[in-house]
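Got your viewer open? Here is a short tour with a few things to select along the way.

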Amino acid sequence: MRSGILLWNKGLFRQQLRAVTWIGVFLSLALVIMLPLSMFIREMTLRNDQFFGGYANYDGILNPLFEFSIPFQLMAFCSFPVLIGIILLNFMTNKSATDFFHSLPFKRGTILTNVYITGAITLFVPLVITGILTAVLYPFLTDQFYTIPDIFKWIGLSYLIMLFMFILTVAVGVFVGNALLHGALTYTVIIVPALIILLALTNLQYYVQGLALTTYTEMLLTNGIFFGRLIELTQTPFSLLEYLVYTLIAAALIAFSYFAYAKRPSEATDQTIVFPFFRYVFLYSLTLFVMLISGFYFTEIQQGSFIWTIVGYMLGAFIAYTILQMILQKTLRLTWPWKGFVVYAVVVTLLIIPVNLVAGFYENKVPDAGAVESVEITSPNSRNNFSYYEEGTETPSLTNPEAIEMVTAIHDQLIDHTYNRLAGNWSTVSINYTLEDGSTLSREYDVDYDFLKEVTLELRSTQTFKEAYDPVYLASASDQLNYIMLYSNQNGEPIRIADEEEMQELIAAMKDDLEVLPSEELALDWSPQSAGEVQFSMNLPYDYHAGITKNHENTIEWMNENGYGDALFLPENIEEVTVAKSEGNEFFREVDTIVYENRLSPDDLNVPTITITDQEQIEELFDLGDSNSYGDYTIFYRVNDGYSFLGLNESEAPEFITSQFD
């Protein structure tokens, strides 16, 4: 290291470029196949096809060249830069190569500068070649779904993604002494930090009631993981702020890599992780990661109690710590370093203490209704997903003071509620407050369905809530309604209503029913016994959906008057049902064969059965039975694609059933 050269060196550049030339060639071939060659093949196919299904009416929000083959492009953008970085820094993982490079008359900064320049050029040239071929192909395309400026935009966006991946790979490579671990750690650095936070929050819900897990999860998966953000590009392109953030992160990684490389010991090629501090980061962060996964597995997947959560933590931490020590020490004949594990266990245990102290404050915090500007209250079990709303519009919320007071009162009751996870009949409700001072407060609760239905009844009965959340009112107030579809278990094909006058009459009838019925939002009954479902097809990225039950008298009356009544699934439209006495596990296997496999009919059962044709008795059975639930009696009825069934227990069975099986 006798030379004072700090920047690019021609000889060193050529030597490093030769090492990655073939990778650049393969990247060029991959991009050419994904774009100009694929477009050429598609063009030839379309010209010989009577049906022309081109992209001429492309209306996506991302660059059309990027969307043309985005899954394959993203795989290339996230793999080739990493491979190039590993090859260019491969000399750091071999002692003879390290000694040779460090004996050259260059400072370490010069070597690293040439690594960055070589990688940047190797990634850029294939993009330029692909862009030129795509531009040459453009005049010959029948379907010119992109423009020449789109090519430059594609080159710019693609280069930024690959350059970021390359810079990260180089920065990671300075800290490792093994090529295989170099690649694995690069992807680990991208994924694991956000996943550790996500898993910590997931496990935190076992200690903190009301944790707004869904809100945090969506934010972390889409913004906290670079790969997740790339997948979301077709829906939400990078903002100027994101470009700035990624640029600053890349700049910081470059500066950090120069500093670390200057401090890296030359003899570190025999070390898995070069710097002692980062060995501990590697060891304990991944131990924590596996520990949280193990706790999640025993609790969520195996539905274990809190004791099993602790068992999962201990097993996961022990296994991860042991394997990671083997990697660091590069031996299977490990002398287990128990002191480090004990220190880790003590630190994790001590961290639980402040969690418990803060949990009580977090759980019991309900904002004063007077300090709330607006509030959103939703359930993912609803037919309508209000979390995915048209860009530029606000999600439905309540601003009426009386409605806000009702929500805070519901919030108070949710805090004290304990749901039965094993019962299976539970739902999730999310509450998001926007306070007068501009801050937000989010909570999420798992509750028994019947409790949620009861506690929200008053709110769901208000006109304010219906106008904000009920799909009937939302469709009525929108100018984007195209047509209405009616679905039911009684009718195999949906019925389409496109006449403007009929649509308005149907909406008016549904509104009349809502005058006396609460909205089904927040407390949706997914029972297939419902009369049907109405889909309001909107000129939006989403549609509205509303259910019809036998209580929607005005809606059913309008359907009957306009010739749509036969399509509704109502007990009075069912000609007969078959009732069987449930007998043993073999019987229930036969039920599954009838309902889910359509290979048998109720007449094929090897148990006594009776047929009910009286309409009043059929309606009573539907009122008493539980849909798709096993009971002492099983009630089969026809649906459009076969059979469905109700379960009825002996204690609730009417006399006209029990008397016939005595």
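**Start at the sheet**

Select strands S11 and S12: they run antiparallel, and seven bridges join them. Keep in mind as you click around that this is a predicted model. To see one facing pair, pick tyrosine 637, which stands opposite serine 644 in S12. Now follow the chain from S11 to S12, and you'll go through a hairpin of two residues.

Next, widen your selection to the whole sheet. In what order do the five strands lie? Reading across, you get S9-S8-S11-S12-S10, an open sheet with antiparallel pairing. The edges are S9 (609-612) and S10 (626-627), and each of these pairs on one side only. If you're wondering what holds such neighbours together, strands of a sheet pair through backbone hydrogen bonds, either parallel or antiparallel.

**Across the sheet, pair by pair**

Go to S8 (residues 577-581) beside S11 (residues 633-639): this antiparallel pair has four bridges. Click lysine 581, and opposite this residue you'll find tyrosine 633 in S11.

Then hop over to S10 and S12, an antiparallel pair joined by two bridges. Which residue of S12 is the bridge partner of aspartate 626? Look for glycine 647.

**A helix on the sheet**

Now add helix H22 (residues 584-597), which packs on the sheet and touches S8, S11 and S12 (642-648). Look along both elements: the direction of H22 makes about 140° with that of S12.

Stay on S12 for a moment and turn on the surface. Is S12 largely enclosed or open? Seven of its seven residues are buried, so the rest of the structure largely encloses S12.

**Last stop: two helices**

Clear your selection and pick helix H6 (residues 108-137) together with helix H11 (residues 240-263). Two packed helices are described by the angle between their axes and the distance between the axes. For H6 and H11, the angle is about 140° and the axes are 9 Å apart. H6 and H11 are therefore oblique to each other, and H6 passes H11 in a right-handed crossing.

Want to see who meets whom? Show the side chains at the contact:

- From H6, select Arg108, Gly109, Ile111, Leu112, Thr113 and Tyr116.
- From H11, select Leu253, Ile254, Ser257, Tyr258, Tyr261 and Ala262.

Try colouring them by class: this contact of H6 with H11 has eight nonpolar, three polar and one charged residues.

How values were computed. Residues numbered from 1 in each chain as written. Predicted model: local features only at pLDDT ≥ 70, side-chain atom pairs only at ≥ 80, totals over all residues. Heavy atoms only, no water. Axes fitted to C-alpha atoms, helices over the stretch in contact; angles between N-to-C directions. Parallel < 35°, antiparallel > 145°, perpendicular 65-115°, else oblique. Left-handed = near helix turned anticlockwise from the far one by under 90°. Contact = heavy atoms within 4.5 Å. Nonpolar A, V, L, I, M, F, W, Y, C, P; charged D, E, K, R; others polar. Pairing = 2+ DSSP bridges. Buried < 20%, exposed > 50% of the residue type's maximum accessible area, 1.4 Å probe, protein only.
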